[in-house]
Amino acid sequence: MKYLNIACGNIYIKDKNWTNIDFTTNSPDVIKADLLKGLPFDSQTFDVVYASHFIEHIPKNEVNFFLTECYRVLKPKGVIRLITPDLEFLSKEYINHYESNDHE
């Protein structure tokens, strides 16, 4: 199995089955690439494409291109997993802090 970890930051998986990629890096274990210009891999390379807390940072008009790229590098019957913030949780936290005058 081949796994792609998109926008991994400083939290990446150091394993021969994983490919880690991000816009900036100081690690030789992470490929540096502009993720909004396309993924620098051949089509149908990965069994799993994973991105955690990245999609919400993509400009709205570029999300479709990013998703198309994710599916392009994904093997047939592969899995894509996108982790996003929990808006309900964040909204409740904001309201709780606001109501308790804990704005900081």
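Leaving aside neighbours within four places in sequence, which residues is Gly9 in contact with? I opened the predicted model and looked there first. Gly9 is in contact with Asp22 and Val30.

**Entry: Gly9**

I placed Gly9 in the loop between S1 and S2. Its relative accessibility is 25%, so Gly9 counts as partly exposed. I then checked a distant residue, Leu74, which is 65 residues from Gly9 along the chain. The C-alpha atoms of Gly9 and Leu74 are separated by 21 Å.

**Entry: salt bridges**

How many salt bridges does a search of the whole structure find? I got four. I looked up three pairs, beginning with Lys14 and Asp29.

The side chains of Lys14 and Asp29 meet at 3.5 Å, N to O. This pair links distant parts of the chain, 15 residues apart. Lys14 sits in the loop between strand S1 (3-6) and strand S2 (18-22). Asp29 sits in the loop between S2 and strand S3 (30-32). I noted the accessibility of both partners. Lys14 has 66% relative accessibility and counts as exposed. Asp29 has 30% and counts as partly exposed.

Next I took Lys75 and Asp47. Their closest N and O atoms are 3.5 Å apart, and they form a salt bridge. Lys75 lies in strand S5 and Asp47 in strand S4 (residues 46-52), so the pair ties together parts that are 28 residues apart in sequence. Is Asp47 buried or exposed? At 16% relative accessibility, Asp47 falls under the 20% cut-off, so I logged Asp47 as buried. Its partner Lys75, at 28%, counts as partly exposed.

Then I turned to Glu88 and Lys92. Their side chains meet in a salt bridge at 3.0 Å, N to O. Both residues lie in helix H2, four residues apart, which is about one turn of the helix. Glu88 has a relative accessible area of 52%, so I wrote it down as exposed. Lys92 is at 47% and counts as partly exposed.

**Entry: helix H2**

I stayed with H2 and checked its length. H2 has 13 residues, and at 1.5 Å a residue it should span 18 Å. Its end C-alpha atoms are 18 Å apart, which agrees.

What caps the N-terminal end of H2? I found Asp86 there. A side-chain oxygen of Asp86 lies 3.2 Å from the backbone nitrogen of Glu88. Glu88 thus turns up twice in my notes: its backbone nitrogen faces the cap, and its side chain meets Lys92. After the helix I noted Asn101, which follows H2 and has a positive phi, near 60°.

I also looked at the surface here. Leu87, Phe89 and Leu90 form a nonpolar patch on the surface. Together they have about 330 Å² of accessible area. Phe89 lies in H2, which covers residues 87-99. Phe89 has a relative accessible area of 47% and is partly exposed.

**Entry: Ile83**

Where is Ile83 placed? I found Ile83 in strand S5, residues 74-83. Lys75, from the salt bridge with Asp47, lies in S5 too. Ile83 has 21% relative accessibility and counts as partly exposed.

I listed its contacts, not counting residues up to four places away in sequence. Ile83 touches Tyr50, Ala51, Ser52, His53, Phe54 and Glu56. I took one of these, Glu56, for a distance check. Ile83 and Glu56 are 27 residues apart in sequence. In space they are 9.6 Å apart, C-alpha to C-alpha.

Methods
Residues numbered from 1 in each chain as written. Predicted model: local features only at pLDDT ≥ 70, side-chain atom pairs only at ≥ 80, totals over all residues. Heavy atoms only, no water. Patch = residues over 30% accessible without salt bridge, like charges linked within 9 Å, V, L, I, M, F, W, Y side chains within 5 Å. Areas by Shrake-Rupley, 256 points an atom, 1.4 Å probe, with all protein chains shown as cover. Helix = DSSP H or I, 4+ residues; strand = E, 2+ residues; numbered from the N terminus. Buried < 20%, exposed > 50% of the residue type's maximum accessible area, 1.4 Å probe, protein only. Expected span 1.5 Å × (residues − 1). Polar contact = N/O pair within 3.5 Å; in protein donor to acceptor, adjacent residues only side chain to side chain. Contact = heavy atoms within 4.5 Å.
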